[in-house]
Amino acid sequence: MRNFGVGGTTVALESETPYMDTESFQSALGFNPDIVVIMLGTNDAQPSLFEYNSTFVGNYMTLIHAFQRLPSNPKIWLVQPPPIFSDQEGRISPKYFEQTIIPSIQQVASITNLQVIDVYSLLRDYPEYFPDGVHPTKTTGDWGKEPAAQIIATAVYRAITSP
């Protein structure tokens with residue numbers, strides 16, 4: 001098992017930081033995995049990327065097809081990322097994320113017939129798990145509840161280990 005995630009990256013190939021342009025993406029393909037879990041889209045809710053909305057689905061499909069072409073024929077899951085609770089002073093749009101990115105991920109899942117792990121719905125009622133309004137907690141807070149990162153990990157684990 002390996003983590004090939006890169007913070008701050010996007011699905012949009014037109015952005016300054018597309019995931020598919022990273023060394024981690026190439027390393028993930030070279031790893032020839034049996035299982036692939038993709039959780040992208042949060043950074044695509046930046047207002048500067050709204051104009052590329054029409055390419056999101058196609059770019060996401062390109063990413064998926066790169067993994068589907070691997071000799072290992074990996075099982076792929078798409079994750080609806082957790083909600084955004086703060087616009088970060090205009091740098092990201094919770095509304096756009098909810099109304100455009102989440103439905104686009106569902107559209108990609110429908111087209112590709114891939115399963116979706118819905119982290120968005122699991123965490124949408126817990127803004128306190130996101131101290132800056134975007135990034136999930138990694139440790140248990142004073143409220144004594146499970147950290148958001150653990151909730152995400154558990155959801156992914158359950159999805160990939162269920163029959």
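**Entry 1: the cavity**

I began with the enclosed space, and I noted that the largest cavity has a volume of about 50 Å³. I keep in mind that this is a predicted model. When I asked how many cavities of 30 Å³ or more the structure holds, the count came to 1. I then looked up which residues line the largest cavity, and I found Ala12, Asp44, Leu49, Tyr52, Asn53, Phe56, Tyr96 and Ile101. The elements that contribute two or more residues to this lining are α2 (53-68) and α3 (94-112). Sorted by class, the lining of the largest cavity consists of 6 nonpolar, 1 polar and 1 charged residues.

**Entry 2: Ser104, in a helix named above**

I next turned to Ser104, which I located in helix α3. Is Ser104 buried or exposed? Its relative accessible area is 9%, and because buried means under 20%, I wrote Ser104 down as buried. Leaving aside residues up to four places away in sequence, I found that Ser104 touches Asn53, Phe56 and Val57. I had already met Asn53 and Phe56 in the lining of the largest cavity. Ser104 and Phe56 are 48 residues apart along the chain, yet I found their C-alpha atoms separated by 7.4 Å. I also followed the side chain of Ser104, which reaches the backbone oxygen of Thr100 at 2.7 Å.

**Entry 3: the pocket**

I moved from the cavity to the largest pocket, in which about 1,500 Å³ of space lies. This pocket is lined by 39 residues, and those closest to its centre are Asn3, Gly5, Val37, Ile38 and Met39. I listed the elements that give two or more residues to the lining of the largest pocket, and they are α1 (23-31), β1, α2 and α5. Which element gives the largest share of that lining? I found that it is α5, with 6 residues. By class, I recorded 27 nonpolar, 9 polar and 3 charged residues in the lining of the largest pocket.

**Entry 4: helix α5**

I wanted to check the length of α5, so I compared its expected span with the distance between its ends. At 1.5 Å a residue, the 14 residues of α5 should span 20 Å, and I found its end C-alpha atoms 20 Å apart, which agrees. I then looked for the buried residues of α5, and I noted Ala148, Ile151, Ile152, Thr154, Ala155, Val156 and Ala159. What do these buried residues pack against? I found that they pack against β1 (35-38), β2 (75-80), β3 (115-118) and α4.

**Entry 5: two loop residues**

I looked up Thr137, which lies in the loop between α4 (119-123) and α5 (148-161). Thr137 has a relative accessible area of 8%, and because the cut-off for buried is under 20%, I entered Thr137 as buried. I traced its side chain to the backbone nitrogen of Ala148, which the side chain of Thr137 reaches at 2.9 Å. Ala148 is one of the buried residues of α5 that I listed in the previous entry.

I finished with Gln88, which I placed in the loop between β2 and α3. Its relative accessibility is 18%, and Gln88 counts as buried, because that value is under 20%. Again leaving aside residues up to four places away in sequence, I found that Gln88 touches Asp132 and Val134.

Terms used:
Residues are numbered from 1 along each chain as its sequence is written. This is a predicted model: local features need pLDDT of at least 70, side-chain atom pairs count only at pLDDT 80 or more; totals for chains, interfaces and linings use all residues. Side-chain values use heavy atoms; hydrogens and water are left out. Helices (H or I, at least four residues) and strands (E, at least two) are DSSP runs, numbered from the N terminus. Buried means under 20% relative accessible area, exposed over 50%, partly exposed in between (1.4 Å probe, protein chains only). A polar contact is a pair of N or O atoms within 3.5 Å; within protein, one must be able to donate a hydrogen and the other to accept it, and residues adjacent in sequence count only if both atoms are side-chain atoms. The expected span of a helix is 1.5 Å times one less than its number of residues. Contact means heavy atoms within 4.5 Å. On a 1 Å grid over the protein atoms alone, a cavity is a set of points where a 1.4 Å probe fits but cannot get out, and a pocket is an open set with protein on both sides within 12 Å along at least five of seven lines; lining residues have an atom within 4 Å of a point. Grid points are joined across faces, edges and corners, and a volume is the space filled by probe spheres set on the points. Ala, Val, Leu, Ile, Met, Phe, Trp, Tyr, Cys and Pro count as nonpolar, Asp, Glu, Lys and Arg as charged, and the others, Gly among them, as polar.
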